[in-house]
Amino acid sequence: MKFIHNVFLIGFGLFLSFSFGQNIRIVDALTGYPVQDVLVYNEMGGDSVTSDADGVVNLSLFSKEESVTFEHISYEDAKRAVAMLTSGKQVALYPDTQKLSEIVLSATRSKDEKKRVSKQVAILTDRVIVSQAPNTSAELLSEAPGIRVQRSQGGGGSPVIRGFEANRILLVIDGVRMNNAIYRSGHLHNAISIDPYALSRAEVIYGPSSVGYGSDALGGVVHYFTKEPRTGDAQPWRFFTANSFDTRHKHTMSHFDMTYSREKWASLTSVSYSDFGDVYMGNQRKHGYTEWGLVSEYSKNNREYYEDQVSRNPDKTLQRNTGYDQLDLLQKFVFQPNEENKWVMNLQYSSSSDIPRFDKLNERRDGDLRYATWYYGPQRRLLISPKYTFNSRHKFFDEGVITLAYQNIEESRVQRKFGSLLRESQLENLDVFSANADFSVAMDKREKLGYGFEFTHNKLHSIGFCETLVIDDNRIVDLQDYTIIPSRYPSKGSSYTTIASYADYKVDLNDKSTLNAGLRFTNTRLKAEWAEEALIDARLRKTQNESNALNASLGYIFRPNPEWEFRSLVASGFRSPNIDDIGKIREKQGILTIPNPQLKPEYAYTADIGVSHYFRQRTSFVQLNLFYTLLFDYIARQPYMLPLDDSTESNATITHMGDELETWANTNLGEATLKGMGFQWNAVLSKSITYSGHLNYTNGVINKDEVSVPSILPWQGSQRLLGKARRLQAQLSFVFAGQKNPEDYSKGGEDGLEETPLIDDTAIELDDQYAGAPAWSRFDFGLTYNLHVNTTLGVDLHNLLDTHYKEFASGISAPGRSLRLRLQYRF
């Protein structure tokens with residue numbers, strides 16, 4: 001009887017809880033994590049309840065006939081009918097993008113309010129990442145105002161900020177420098193090795209940021225933050241999957257991540273696989289050049305297949321040899337025994353297939369395709385990074401982060417010419433060790449001091465060799481006659497080491513103004529040695545290069561009222577020549593770049609002014625930014641003679657791998673000036689409609705010769721109209737870029753004038769042969785529908801009018817009209 005009695009009591013209790021209780025859970029719509037301290041109230045405002053640490057709230061206080069509002073300082077308000085909220089149901093709140101953007105994590109290597117930061121900063125939140133679903137992390141950066149992304153092949157994506165590109169922009173992942181000793185000055189595509197679906201946030205700092213980040217941060221810093229699991233989650237297991245398919249280009253992407261949480265530790269496992277098909281260009285040629293970019297011939301050759309003839313392309317708008325695939329892995333472990341201490345182990349791995357270099361495969365000599373194969377071998381990036389974060393009321397610090405990291409990067413370049421069985425390979429293997437210690441202390445409520453130390457060491461092994469193909473019925477069955485050839489970088493090894501310390505000081509002079517000041521000292525050492533059989537320049541055996549740099553910044557922010565903000569900054573930056581600058585051997589378009597061990601660092605001095613006006617409770621704004629940068633000892637390529645070379649009759653050329661080539665090298669050209677403006681806006685027209693956009697202008701010249709510096713596109717911008725209902729979101733985008741005349745191209749070949757329309761092949765000068773980059777514009781449209789609190793469907797129409805164009809300095813035509821389907825599911 002006692003057993004029956006207990007069963008009856010339990011059953012009756014459950015009946016009461018389902019009948020009269022109405023517990024629901026409030027979660028973040030993007031991460032699925034519970035949201036604490038959400039205020040839930042009825043229309044009259046007389047009754048209210050608040051969600052607990054597990055995001056749970058009981059609605060039994062409200063009648064089923066009324067509606068309730070869910071309100072949280074970091075989320076958009078949501079309104080629901082009580083009758084629709086059955087017990088156990090989840091309510092998903094979307095983060096308020098404007099409020100999230102008020103906190104900056106990377107500008108001074110520590111968290112701070114955006115209103116206290118004198119630098120121009122763009123923040124791409126997790127909501128932007130999830131809603132835009134970019135194919136790569138380089139493509140994601142196009143969402144930030146003023147950033148242009150260059151592509152030379154399908155697996156490309158080189159961001160340009162304020163006219164600076166490649167190793168003049170610093171890439172950072174979770175506090176670890178990605179820039180290394182072989183980041184080149186041309187176009188750099190390493191950003192695609194980061195999985196966009198593994199990111200929680202990305203921040204872009206515009207202008208010199210060497211005080212916080214050291215060398216390379218001339219144009220700015222791109223800081224990627226990957227997802228991190230939470231300890232003590234009320235829901236131990238969480239899963240997220242995302243899939244997309246481009247119906248025209250046959251692009252597929254599949255992502256899956258899994259989080260497991262316990263009281264003091266947590267784990268996140270993330271896997272993404274992307275398979276990118278060949279790219280179709282647009283058909284509508286508003287620029288008037290009917291043949292520009294069309295691919296009439298291509299090579300069927302690859303690593304395993306041999307074909308001695310050029311193949312005809314039945315569809316000239318299909319850019320064959322642009323497809324590739326990539327695997328990205330992320331594993332994070334978090335151990336947090338208390339609120340004051342947290343350890344994180346961060347493991348990342350990325351590996352691609354062979355990536356054909358499309359622009360090289362289209363290169364012609366005497367009217368014929370030159371290369372049968374030209375591809376980057378599998379590009380692999382490994383990161384192992386333990387990090388310790390602590391809070392302590394100590395005399396010298398309140399907070400601290402110690403980050404250690406080991407990176408291994410593998411790159412290779414493989415090429416073979418038509419009519420030859422000789423395959424040439426250049427392989428690079430780079431080990432990078434780094435340690436960062438960042439501390440901050442609040443001296444009082446108005447003052448904050450940050451300081452830290454950094455050590456990096458790069459060890460590079462580079463080799464070049466050629467082999468003869470053994471062919472059996474168009475199949476490559478073997479390689480023989482292994483022979484050493486000049487490697488891309490110093491063949492007997494090289495190293496690149498930096499040691500630095502910095503300090504950053506912020507003080508609120510009063511409630512309306514803040515002063516920022518920073519200082520950094522960096523010592524850089526480079527060593528390189530060439531093997532005798534691989535020498536290009538007989539004067540080279542080994543070289544050592546050491547430099548010191550002292551950088552400073554001073555910024556001031558004035559906020560006369562909540563609607564206006566004025567920002568000013570003067571800052572210096574520097575870039576020490578790395579191994580790619582000093583020791584690279586590379587051929588392009590008949591020009592051979594050779595080592596120059598006498599290269600010196602380049603320095604940048606920038607003045608930056610910004611004005612922002614906010615309205616509608618800071619949900620809308622207009623912003624104007626102006627900058628002026630003066631570069632000293634600017635590094636660029638120019639003709640470079642080898643007086644001891646007798647392989648040709650001219651000191652200006654050299655015989656290399658059977659070809660007579662002009663010799664160029666990186667040199668310090670003196671002063672250069674860059675200046676520009678950026679105007680952006682965000683207008684909340686109504687509760688459901690938002691209009692935003694940006695317009696940017698940049699100009700840059702080398703003062704000595706009054707010629708353009710590379711990577712300068714004068715005008716570019718975008719506009720976006722966003723509409724959203726309860727479950728549906730629609731977006732119409734307009735992206736555009738101005739033209740660039742041939743006389744405004746850089747003379748070192750970085751801008752790729754030969755990739756623009758050919759207008760006179762009999763002319764002697766390149767400026768007369770090519771038309772320069774035509775202006776272009778593109779419309780995109782996207783729909784996102786929240787089918788369920790855990791399920792999102794999306795449809796994207798890219799390049800609605802099927803416009804043909806090339807991004808400035810790109811070697812590949814941009815994708816034409818395509819339809820992409822998306823599915824995201826969280827459970």
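**Figure 1. Arg-127 and Glu-76 join in a salt bridge.** In this predicted model, Arg-127 has a relative accessibility of 12%, so this residue counts as buried. Its partner Glu-76 reaches 25% relative accessibility and therefore counts as partly exposed. The closest N and O atoms of Arg-127 and Glu-76 are 2.8 Å apart in their salt bridge. This contact links distant parts of the chain, with Arg-127 in helix α3 (residues 126-132) and Glu-76 in strand β6 (residues 75-81), 51 residues apart. If you would like to place this pair in a wider setting, a search of the whole structure finds 43 salt bridges.

**Figure 2. A salt bridge connects Glu-602 with Arg-168.** Here the two side chains meet with an N to O distance of 2.8 Å. Glu-602 belongs to strand β42 (residues 602-615), while Arg-168 sits in the loop between β13 and β14 (169-173). The two residues are 434 residues apart, and their pairing links distant parts of the chain. Are these partners buried or exposed? Both Glu-602 and Arg-168 are buried.

**Figure 3. More salt bridges: a buried pair and a network.** The side chains of Arg-778 and Asp-780 come together in a salt bridge, at 2.9 Å from N to O. Both Arg-778 and Asp-780 are buried. Elsewhere you will find a network of salt bridges that links Asp-112, Arg-116, Asp-504, Lys-506 and Asp-508.

**Figure 4. Strand β12 pairs with β11 and with β13.** Strand β12 covers residues 158-161; Ser-158 and Val-160 point one way, Pro-159 and Ile-161 point the other way, and all are buried. With strand β11 (residues 147-150), β12 pairs in the antiparallel sense over four bridges. To trace this pairing, look for Arg-148, whose bridge partner in β12 is Val-160. Strand β13 (residues 164-165) also runs antiparallel to β12, and two bridges join them. In that pairing, Ile-161 stands opposite Phe-164 of β13. β12 and β13 form a hairpin with two residues between them. Which residue in the turn has a positive phi? Arg-162 does, with a value of about 55 degrees.

**Figure 5. Eight residues make a nonpolar surface patch: Leu-728, Leu-783, Tyr-785, Leu-787, Leu-793, Val-795, Leu-821 and Leu-823.** The patch spans about 600 Å². Three strands, β52 (776-788), β53 (791-798) and β54 (818-826), each supply at least two of its residues. Which strand gives the largest share? That is β52, with three residues of the nonpolar patch. For a closer look at one member, turn to Leu-821, which lies in strand β54. Leu-821 has a relative accessible area of 38%, so this residue is partly exposed.

**Figure 6. The largest cavity has a volume of about 480 Å³.** Its lining is made by 35 residues, and the closest to its centre are Trp-374, Gln-415, Arg-488, Arg-586 and Glu-587. Several strands take part: β30 (371-376), β32 (399-417), β33 (422-442), β40 (586-588) and β46 (659-668) each supply at least two lining residues. β32 gives the most to this lining, with four residues. For those who want to explore beyond this view, a search of the whole structure finds 18 cavities of 30 Å³ or more.

Methods:
Residues numbered from 1 in each chain as written. Predicted model: local features only at pLDDT ≥ 70, side-chain atom pairs only at ≥ 80, totals over all residues. Heavy atoms only, no water. Patch = residues over 30% accessible without salt bridge, like charges linked within 9 Å, V, L, I, M, F, W, Y side chains within 5 Å. Areas by Shrake-Rupley, 256 points an atom, 1.4 Å probe, with all protein chains shown as cover. Salt bridge = Lys/Arg side-chain N within 4 Å of Asp/Glu carboxyl O. Buried < 20%, exposed > 50% of the residue type's maximum accessible area, 1.4 Å probe, protein only. Pairing = 2+ DSSP bridges. 1 Å grid on protein atoms, 1.4 Å probe; cavity = no way out; pocket = protein on both sides within 12 Å on 5 of 7 lines; lining within 4 Å. Points joined across faces, edges and corners; volume = space filled by probe spheres on them.
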